[in-house]
Amino acid sequence: MRRSDASWGRAAVRFAFLVHRWAGIAACLFFAMWFASGLVMIYVPYPALTPAQMAAGAEPIDWGGVDRPPPDGATARRITLEMRDGVPVWRIEGVGGETQIRSARTGARVAPVDAAYARRVAARFAGAPVIAVAPIGHDQWTVAGGFDRHRPLWKATLADAAGTELYVSSLTGQPVQRTTRTQRIWNWLGSVPHWLYPTILRRDGGLWRQVVMWVSGPCIAVALTGMWIGILRMRLGRRRYRGGRVTPYRGWMVWHHVSGLLGGMLLTGWIVSGWLSVDPGRVFAGGTAPVEAMRAYAGQAGEPVALDRLAAMAGPARSVVWSGDGGWRRIAIDPAGPHPRWLEQATLAPAAPIDRPDAAAMLVPGGHVTGVARLERPDFYWTNIARLPVVRMRFDDRAATWLYLDPMSGAVVERQDRVRRAYRWAYTLLHTWDWPWLTAWRPGWTAWMWLWSIAGLILSVSGVVVGWRRLCRPASRGRVKTSPSGLA
């Protein structure tokens, strides 16, 4: 080896030691927080009010009060008949995403949601007295962008043993979020630190993405340099350390070295996938269908007909939805309930599943259908068990697009192309380990998450201890010395 090459090698090793040592002190604090909070998230996920829970708490439709059909029904993409504070209403969603709500008794626009309304809805939904009601823009449990269309929200505090707080939408007048005291406490130890999710930061999506990227980036450097250093300091051949040991370290450093060697690849994959969670540079954004094609596919929801006959068939339904995706005009009775029913609009006869949704081809210009399959169980690219079954359509366009459709309504549930499927491997599979063969047996998945999380905690906690001791040493003893072979 030439002298210049050896000098560059020693400089590279020295730089790796410096990065790992000093950046690692802060990085290991983050690693310890992420591993510990991730274990909490296994048992207490972020609060959410699911569609099924919303449906269960809704009022049965008062069919006797339905006197008016919805206005402009032929131009809407979706129409829902539901109750709003004891009165049946039509919720009409336009092709552009706009929503209007009109009384099914008078046809007039309904009154805005106020404090008294929110109090009544919350008490009825939860079956408990309401202590206080207040309007809010954002708080810790409604900071996500999915709540934007419902703002301002009405936050109702309930007088129940669980310490429930219910959030009522000012748009629909329906509850859209619910938390309990236990969920809030544990999420401050779980999802909030794990996602770097405090309200003051998360309410600014751009700032939050930058923080996640710039916190995760140095942590990736620490993980990579740690793997390199760990391999350099390991001796497996004849030339071992004194006493036949493969590591030169003792005490906490042994734990740090060995756990880093055993779990370094997993740790690196995990932190890189976490960094990818915000999709830096939007490189995994994937393609979208043309706007006009999406609007054409959504079609027209149609006009409610034979309401008296429908009322007899629906019984104590909590919601009835008209849709026309892909030209399939359907009526769904309690689609979010445990026993949804689907009818043909024209005849009110039971609707059959859509086996060949050829109309969806308009959403993939330049592509031809190469395969259609009905998925009854999750696979590597579709893991949402709550939305099974789905129909998967594959296309031969340049992006290798796949469409997932609801087999009863024809609605597009998700669009994936080659880029989005790569993101599935790079982020979700490596970060949450939701491999179908593993998640099919929940105890096995939980045991695996505990195993590698404990290994990560040993690595990170030992790094914190070693780093703290390094900081407490006199400056003269803290210098990095490298041997001619490039080892410290």
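The legends below describe close-up views of a predicted model.

**Figure 1. Overview of the chain.**
The predicted chain contains 13 helices and 14 strands. Its C-alpha atoms fill a box of roughly 90 × 60 × 35 Å along the principal axes. Of the 488 residues, 46% count as buried. Among contacts between residues at least 6 apart in sequence, 59% join residues at least 24 apart.

**Figure 2. Helix α11 and its kink.**
Helix α11 covers residues 418-432, 15 residues in total. From first C-alpha to last, α11 reaches 21 Å, close to the 21 Å expected at 1.5 Å a residue. A kink of about 35° is centred on arginine 424. At the N-terminal end, aspartate 417 acts as the cap of α11, with a side-chain oxygen 3.2 Å from the backbone nitrogen of valine 419.

**Figure 3. The buried residues of helix α11.**
Arg421, Tyr423, Arg424, Thr428, Leu429 and His431 are the buried residues of α11. Arg424, one of these buried residues, is also the centre of the kink. The elements against which the buried residues pack are two helices, α5 (191-194) and α8 (252-276), and two strands, β13 (402-405) and β14 (412-416).

**Figure 4. Tryptophan 433, after helix α11.**
Tryptophan 433 comes just after α11, in the loop between α11 and α12 (436-439). Phi of tryptophan 433 is near 55°, a positive value in a residue other than glycine. With a relative accessibility of 14%, tryptophan 433 counts as buried.

**Figure 5. Strand β2 between its two pairing partners.**
Strand β2 spans residues 87-94; seven of its eight residues are buried, so β2 is largely enclosed by the rest of the structure. Strand β1 (residues 76-84) runs antiparallel to β2, and eight bridges join the two. Glutamate 82 has valine 89 of β2 as its bridge partner. Strand β3 (residues 99-103) also pairs with β2 in the antiparallel sense, over five bridges. Here isoleucine 92 has glutamine 100 of β3 as its bridge partner.

**Figure 6. The two hairpins that include strand β2.**
The hairpin of β1 and β2 has two residues between the strands, and aspartate 85 in this hairpin takes a positive phi near 55°. In the hairpin of β2 and β3, four residues lie between the strands. Glycine 97 takes a positive phi there, near 95°.

**Figure 7. Cysteine 219 and the search for disulfides.**
Zero disulfides are found in a search of the whole structure. For cysteine 219, the closest cysteine sulfur is that of cysteine 28, at 8.6 Å, which is too far for a bond. Cysteine 219 is buried, with a relative accessible area of 2%. Cysteine 472 is likewise in no disulfide, and its nearest cysteine sulfur, that of cysteine 28, is 16 Å away.

**Figure 8. Surroundings of serine 319.**
Serine 319 lies in the loop between α10 (307-314) and β8 (320-323). Its relative accessible area is 15%, so serine 319 counts as buried. Neighbours within four places in sequence aside, the contacts of serine 319 are Ile61, Thr80, Leu81, Ala332, Ile333, Asp334 and Pro335.

**Figure 9. Valine 143 and proline 152 in the loop between β4 and β5.**
Valine 143 is placed in the loop between β4 (130-136) and β5 (153-158). This valine is buried, with a relative accessible area of 4%. Tyrosine 197 is 54 residues from valine 143 along the chain, and their C-alpha atoms are separated by 8.9 Å. Beyond neighbours within four places in sequence, valine 143 is in contact with residues including Tyr46, His138, Arg151 and Tyr197. Proline 152 is found in the loop between β4 and β5. The peptide bond from arginine 151 to proline 152 is cis, with omega near -5°.

**Figure 10. The cis peptide bond at proline 389.**
Leucine 388 and proline 389 are joined by a cis peptide bond, with omega about 0°. Proline 389 has its place in the loop between β11 (369-375) and β12 (390-395).

**Figure 11. Arginine 282 in the loop after helix α8.**
Arginine 282 sits in the loop between α8 and α9 (291-298). Although not a glycine, arginine 282 has a positive phi of about 55°. Arginine 282 is exposed, with a relative accessible area of 52%.

Conventions. Residues are numbered from 1 along each chain as its sequence is written. This is a predicted model: local features need pLDDT of at least 70, side-chain atom pairs count only at pLDDT 80 or more; totals for chains, interfaces and linings use all residues. Side-chain values use heavy atoms; hydrogens and water are left out. The expected span of a helix is 1.5 Å times one less than its number of residues. The bend at a residue is the angle between axes fitted to the seven residues ending there and the seven starting there. Buried means under 20% relative accessible area, exposed over 50%, partly exposed in between (1.4 Å probe, protein chains only). Contact means heavy atoms within 4.5 Å. A polar contact is a pair of N or O atoms within 3.5 Å; within protein, one must be able to donate a hydrogen and the other to accept it, and residues adjacent in sequence count only if both atoms are side-chain atoms. Two strands pair if DSSP finds at least two bridges between them. A disulfide is a pair of cysteine sulfur atoms within 2.5 Å.
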